[in-house]
Amino acid sequence: MSKKLFVVACGIIAAAVMVAGLGVRADEFTKDDVDRYQDEFMSVVEKGRKLWGSPDVGTNGVACGQCHPNAANTHPETYPKFQKQLGRVIAFREMINWCLQQPLEGQPLGLDDPDLIAMEAYAHWERRGVALAPGKH
Amino acid sequence: MTDSASRRDFLKGAGAAAAVSTLPLSMVKLAFADPAQDFTFAYISDSHIQHISGNKFVRNWDRGLIRAVAETNLLRPKPDFVMFGGDLAQLATKEELDHGAEMLAKLNYKTHMVMGEHDYYLDLGEYWSKLFGDHYYSFDHKGVHFVVLNSILTFDEWTYERWPTAEQRMLEMAGLDNPNGSPFMVGEKQREWLRKDLEKVDKKTPLVVFSHSPIQKIYKGWNFWTDDAEEVQALLKPFDKANVVYGHVHQIQYNQIDNISFNAVMATAWPWPYPQSYAQADQHLPVLTVPMNRADPFFERDATGWQFIDVATGRVALDYNLYDNTNRRVAFNAAKGHPEDMTYQDPARRIPPQVHY
C-alpha cells in the first residue's frame, strides 16, 4: 500500500469510528452517567455514615456521632485552616484522624485510606449547601 | 524535712489552692424571708458511663463524673441534695449502671435520680429501678414542690413490637441522629399522675419539674423535644412560679413559655452541637439562649460541667460550673419575666466563641 493510500484508508477508518461514536470518550455524558456518578458518591457517603456511627473505628467503643450527630460541629467547609491547637494549617481529614486518636483512642488512617475519604465525604454531604469558608475559625 | 517530703507538701498545698480558685465557693446570698429556709442543690447530668469490656470503661466519661462528684462534695455551704439528670449509662447495661452508681455513691448528699433514654431502653428501666427506685415521683423541700418525670417514653409500638432484641432497641434509641429513633413523651398515664400530684399543691408554691428531655420543642431530629410538651405545660401553667430543669441536650439552653421557666444543664461526658450547626434541618433554639462557648476538643473536659441551683426567688437560678471554661450564671429577671445570663445577655457583651454555625 502506498503512503497516500494508507493515509486515505486511515482517514476513512477514523471517520467511520467517529460516526459510530466509538471515539467519543471525554467530552460527552448522559443523564444516566450523571446519575451513576452520584450513586457512586452516595454509596461512599453511606459507608461514611456507617463508619461515623461505628463503635469499631477506634478502640474504646466511642463513635464519632456521639459528639457529632449528623457530623455537626465539624465545619468541613472551613478547611484547610489554621488549627490553632496544632499551630499549623491542616486538612479536614487530619482533624478526623486527630479524633480517631484522641477521644476514640485509636489509630490514624492513611490520608488516602478509603475509610477516611468515606468519613470525609459523609461530613461534607451533611454540610452541603453551606458556602465554602476556607480558613474560617 | 527531706526534699521529697517538702515537695509532697508543696504539691498538696498547690493542689488545694488550685481547687479553691476554680471551685464556685462564693455562693450566692439567698433571700427567703426565713434564712433557715434558704438552700441550694447541685445538679449533675448526662455522664454516659460507657462499658468497653471486662472492668474497662471509657476513661474520658468516667473522669467527667468523678470530677463532678468530687467538686460537689467540696461545696460550701453544702447543697441540701443532688439531682442526677439522667443518662448515667450509655447502653443501660448492668455494668454501666453499677459503675455509675458506685461513683455517685461517693456523694455526701441525698441524691435524686432522673431517668434518661440511655438508662432505659435495654430493659425498660428495670435494673435502674433496682438501684434508684421509682421512674417518676415528687417531693417537697423547704417550701418548694419538686416533681421528677420520666419524659423519655415513646410509642408502645416502637417500644414493644418493632425491634427483635432489647439490645437493638437500645442501640436504635442511643444514636442521637438515628432516623429509626422515636420522639420522647411523658405519656397519658404519667400526665394523669402529674395532674393528681399537682392538684393538692397550692398554686403559689414554687414548682420545680425535672425531666430528661426538654418539656418544649426545640429540634425533633435529635429529640431536643417532648412530643406531649404542650399537654404537660398546661398542667404547670396554674402555678405562679413554674420551673422546668432538663438534661439530654448537653448544652446551655433557657427559655420562658408563659409563666414556665426552662433551663437545661450541662453533661459531664461531652458537649453537643447546637441544632443550628446542622445545616440540613430547621430548629427552634429559644432566642433568649446565649449559647455556651464552642467546645475546644483539645481540652477533653471543655464544654462539660455541672451546676448548683438555688430557688430563692421561687425561680431557679443556675450557676454553671464549667470545666476549662468561664463559669456562667443564668437567673430569672423578675422585671423582664424570663431567665437571662447575668453577664452575656446584652448582645453587645457577647463574645466570639458563643457564635455557633
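This tour visits a series of selections in a predicted model, beginning with the contact between its chains and then moving through helix pairs and a single loop residue.

**The contact between the chains**

Display chain A and chain B together. Here 18 residues of chain A are in contact with 15 residues of chain B. Colour the chain B side of this contact by residue class: nine of its residues are nonpolar, five are polar and one is charged.

**Helices α4 and α5 of chain A**

Next, select residues 92-101 of chain A, which form helix α4, together with residues 114-126 of chain A, which form helix α5. The two helices pack with their axes 10 Å apart, at an angle of about 110 degrees. Since angles from 65 to 115 degrees count as roughly perpendicular, α4(A) and α5(A) are therefore roughly perpendicular to each other. Show the side chains where they meet: F92(A), R93(A) and I96(A) belong to α4(A), and their counterparts in α5(A) are L116(A), M119(A) and E120(A). Of the residues in this contact, four are nonpolar, two are charged and none is polar.

**Helices α2 and α3 of chain B**

Move to chain B and select residues 59-73, helix α2, with residues 94-104, helix α3. Their axes lie 9 Å apart and make an angle of about 25 degrees. That angle makes α2(B) roughly parallel to α3(B). Viewed as a crossing, the passage of α2(B) over α3(B) is right-handed. To inspect the contact itself, select L65(B), I66(B) and V69(B) on α2(B), then G100(B), M103(B) and L104(B) on α3(B). Five residues of this contact are nonpolar and one is polar, with no charged residue.

**Helix α7 of chain B**

Now select residues 166-174 of chain B, which make up helix α7. Which residues of this helix are buried? They are R169(B), M170(B), M173(B) and A174(B). Looking along the axis of α7(B), one finds that these residues cover an arc of only 130 degrees, which puts them on the same side of the helix. Add residues 117-120 of chain B to the display: this is α4(B), against which the buried residues of α7(B) pack.

**F299 of chain B**

Finally, centre the view on F299(B), in the loop between strands β11 (260-264) and β12 (305-310) of chain B. Is F299(B) buried or partly exposed? With 13 other C-beta atoms within 10 Å, F299(B) is partly exposed. Then select D324(B), 25 residues away along the chain; the C-alpha atoms of F299(B) and D324(B) are separated by 7.2 Å.

Technical notes: Residues numbered from 1 in each chain as written. Chains lettered and ligands numbered in written order. Predicted model: local features only at pLDDT ≥ 70, side-chain atom pairs only at ≥ 80, totals over all residues. Axes fitted to C-alpha atoms, helices over the stretch in contact; angles between N-to-C directions. Helix = DSSP H or I, 4+ residues; strand = E, 2+ residues; numbered from the N terminus. Parallel < 35°, antiparallel > 145°, perpendicular 65-115°, else oblique. Left-handed = near helix turned anticlockwise from the far one by under 90°. Contact = placed C-beta atoms within 7 Å. Nonpolar A, V, L, I, M, F, W, Y, C, P; charged D, E, K, R; others polar. Buried ≥ 20, exposed ≤ 12 C-beta atoms within 10 Å, placed from the backbone. Arc of directions from axis to C-beta.
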